[in-house]
Amino acid sequence: MPELPEVETIKRSLAPRLLGRRIEDFQAIWPGAVHGITGERVRELVTGQVIGGLSRRGKYLLLELASGDRIVLHLRMTGQLLLKPVGSPLESHTRLVFNLSQGEELRFTDIRKFGGMDFLAAGCPEISGLRELGPEPLADAFTTDILKGILSGRKAPLKSVLLDQHSLAGVGNIYADEILHSSGFLPMVPACSLTEPEIAVLHAKIREVLAEGVSHRGTTKRNYVDGDGRPGEYQERLRVYGRAGKQCTVCEETIVRTMVGGRGTYYCPQCQGEQGSRNRKGKPHKHAGDNNIGD
DNA sequence: TAAATCCTGTCA
DNA sequence: TGACAGGATTTA
């Protein structure tokens, strides 16, 4: 469920409050949420350790311990990370509980059991998913040139490349559609078909839309909440995602839903594609929107 | 590059 | 009852 803006919001809501706390105990209520080792082994490894920070890389959260050990969490589709008072009723689908000093516990809940944690001992090589992540789109190091390199030679749909975590870290299904709408590109065009000025537009919009998402504390379409259980606000500002059959907020054309790379995909046929910033020739040709599922 | 897979819940 | 859901990996 959570993409970069949601994971960043969770990090911001929890990081200051976790800093310096001691892990008093750990329990894997659902053992499958711990990867590689047993829940009991994690309990032995983390009990007594002090939390030195909480950071984000792509859609991963890293709970950093003062020893240099790290707990790597991924929320996948329905994961939540919540800081709650000890003794308060456990949320349903609670999978992991870190009992902390000062009477609170960090709970990982996850309806669909896709998410989970890895334990990384200090100095150990990173798990593959983390090591192979593409650049952080909001970092200064992510330049138009970097994006150009990511897109070059890629015949896959532009949206699929945006979603590919090896190419770029943190963009998911909602923000991919929003980025493509605000930059005026159809999701299904080959990634390598963008011209250099178009890549510059896309680069700017990737950063703009993700930053907007962060500043509105993420998008709650289903069950996303931050570390305090607060939903986001960006769902009110979505331009295309989840809006099939509704009017585009820019041109009043009807938003269309289709499938791209196996993912539900929303776009505006007027703002994106031949009526958008590319191929203004007016050459009438069919695009995937013609057999949409939406309205 | 698509589909199946891991799961559970919700909605039409 | 079937389709679909914010993700990512594996398989064909």
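**Protein surroundings of DNA strand B and of D177**

In this predicted model, an N or O atom in the side chain of K113 is 3.3 Å from a phosphate oxygen of DNA strand B. H93 also approaches the strand through a polar side-chain atom, which lies 2.8 Å from a phosphate oxygen. R112 reaches a base oxygen of DNA strand B, again with a polar side-chain atom, at 2.8 Å. Polar contacts here are pairs of N or O atoms within 3.5 Å; within protein, one must be able to donate a hydrogen and the other to accept it, and residues adjacent in sequence count only if both atoms are side-chain atoms.

Around DNA strand B stand H93, I111, R112, K113, F114, K155, P157 and G261, a residue being near a strand if one of its heavy atoms lies within 4 Å of it. Of the strand's atoms that come within 4 Å of the protein, 52% belong to sugar and phosphate. This surface is made up of three nonpolar, two polar and three charged residues (nonpolar: Ala, Val, Leu, Ile, Met, Phe, Trp, Tyr, Cys and Pro; charged: Asp, Glu, Lys and Arg; polar: the others, Gly among them).

Turning to D177, this residue sits in helix α6 (residues 173-183); helices are DSSP runs of H or I with at least four residues, numbered from the N terminus. D177 counts as buried because its relative accessibility is 1%, buried meaning under 20% relative accessible area (1.4 Å probe, protein chains only). Its side chain makes a polar contact of 2.9 Å with that of K159. Leaving aside residues up to four places away in sequence, D177 touches K159, V240, Y241, G264, T265 and Y266, with contact meaning heavy atoms within 4.5 Å.

Residues are numbered from 1 along each chain as its sequence is written, and chains are lettered from A and ligands numbered from 1 in the order in which they are written. Because the model is predicted, local features need pLDDT of at least 70 and side-chain atom pairs count only at pLDDT 80 or more, while totals for chains, interfaces and linings use all residues; side-chain values use heavy atoms, with hydrogens and water left out.

Definitions and conventions: Helix = DSSP H or I, 4+ residues; strand = E, 2+ residues; numbered from the N terminus. Buried < 20%, exposed > 50% of the residue type's maximum accessible area, 1.4 Å probe, protein only.
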